[in-house]
Amino acid sequence: MPPRVVLVGPMGAGKTTVAELLGRAWDLPVRDTDADIVAGTGREISDIFVESGEDHFRDLEADAVTTALAEHDGVLALGGGAVMRAESRELLTGVPVVFLRVGLSDAVKRVGLGAGRPLLLGNVRSRIKALLDERTPIYESVATHVVDTDGRTPDEVAAEIQELL
Ligand code: S3P
């Protein structure tokens with residue numbers, strides 16, 4: 001069974017928190033590809049980036065997406081960059097996908113100093129801006145629904161998703 005809903009969006013969109021809320025509300029299991037990678041490798045995401053490189057992380061992530069989409073009947077949160085591989089985007093066809101949209105200011109506030117997020121090392125604000133500019137059209141292209149998260153709590157976002165689906 002494919003997931004009941006997949007959450008996509010940038011770092012700071014609240015994917016993990018909203019996924020937990022939806023799982024509780026619907027009494028469904030929740031899965032997160034970042035957590036799957038950490039559990040499967042026994043390594044932190046930032047260690048994988050630093051020691052093995054981003055390409056290796058993306059290979060692990062593409063495998064995690066394939067496995068989770070094939071076997072997880074619940075709520076699935078994807079890492080922010082998981083939609084960058086065409087092969088992963090293709091697997092989302094026919095699945096309800098919610099893009100949690102977030103603007104620059106709220107994303108920066110939510111990620112703080114970017115701890116544990118290797119792509120944000122250096123200037124968090126300019127890194128997030130570049131990622132939002134590059135990826136927003138891609139999130140929009142895979143999404144069946146778009147939910148704004150700016151200025152809203154995870155509870156408000158989860159409630160809107162429940163109304164939509
Ligand atoms: C990344 C997002 C992170 C994590 C990794 C790379 C990205 O996940 O997969 O640090 O490329 O946007 P979250 O979006 O859950 O923070």
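Begin by selecting Gly 12, Ala 13, Gly 14, Lys 15, Thr 16, Thr 17, Arg 117 and Arg 152, the residues covered by the UniProt annotation "binding site" in an unreviewed entry. These residues span 141 positions in sequence, and their farthest two C-alpha atoms are 22.6 Å apart, so they do not all gather at one spot. The model on screen is a predicted one.

**Two annotated threonines**

Within this selection, centre the view on Thr 16, which lies in helix 1. Thr 16 counts as partly exposed because it has 15 C-beta neighbours inside 10 Å. Apart from residues within four places in sequence, Thr 16 is in contact with Asp 32 and Ala 77. Move next to Thr 17, also placed in helix 1. Thr 17 has 18 C-beta neighbours inside 10 Å and therefore counts as partly exposed.

**A further set of annotated positions**

Now select Asp 34, Arg 58, Gly 80 and Arg 135, where UniProt, again in an unreviewed entry, places the feature "binding site". Asp 34 belongs to helix 2, residues 33-41. Is Asp 34 buried or exposed? Asp 34 is buried, since 21 other C-beta atoms lie within 10 Å, and a residue counts as buried from 20 or more. Its contacts, not counting residues up to four places away in sequence, are Ile 45 and Gly 79.

Continue to Gly 80, in the loop between strand 3 and helix 5 (86-91). With 22 other C-beta atoms within 10 Å, Gly 80 is buried. Display Gly 9, Pro 10 and Met 11 as well: Gly 80 is in contact with these residues when neighbours within four places in sequence are left aside.

**The sheet**

Switch to a cartoon representation and find the open sheet of five strands, whose order is 2-3-1-4-5 with parallel pairing. Its edge strands are strand 2 (30-32) and strand 5 (145-148), each of which pairs on one side only. On average, neighbouring strands of this sheet are turned by 25° against each other, direction ignored.

At one edge, select strand 2 together with strand 3 (residues 75-77); these two pair in the parallel sense over three bridges. Which residue of strand 3 is the bridge partner of Val 30? The partner is Val 75.

**Helices on the sheet**

Add helix 1 (residues 15-26), which packs on the sheet and touches strand 1 (5-8), strand 2, strand 3 and strand 4 (97-101). The direction of helix 1 makes about 175° with that of strand 3. Then add helix 8 (residues 154-164), which also packs on the sheet, touching strand 1, strand 4 and strand 5. Here the angle is about 155°, taken between the directions of helix 8 and strand 5.

**The nonpolar core**

In soluble globular proteins, nonpolar side chains tend to be buried together. To inspect the largest nonpolar core of this model, which has 38 residues, select Leu 7, Val 8, Leu 78, Val 98 and Leu 100, the members with the most contacts inside it. At least two residues of this core come from each of strand 1, helix 1, helix 4 (54-71), strand 3, strand 4, helix 6 (104-111), helix 7 (124-142) and helix 8.

End the tour at Val 98. Which residues does Val 98 touch, not counting residues up to four places away in sequence? Select Val 5, Leu 7, Ala 143, His 145, Val 147 and Ile 161 to display them.

Technical notes: Residues numbered from 1 in each chain as written. Predicted model: local features only at pLDDT ≥ 70, side-chain atom pairs only at ≥ 80, totals over all residues. Pairing = 2+ DSSP bridges. Helix = DSSP H or I, 4+ residues; strand = E, 2+ residues; numbered from the N terminus. Axes fitted to C-alpha atoms, helices over the stretch in contact; angles between N-to-C directions. Contact = placed C-beta atoms within 7 Å. Core = buried A, V, L, I, M, F, W, Y, C linked by C-beta atoms within 7 Å. Buried ≥ 20, exposed ≤ 12 C-beta atoms within 10 Å, placed from the backbone. UniProt positions renumbered as here; feature names shortened; annotations may be inferred.
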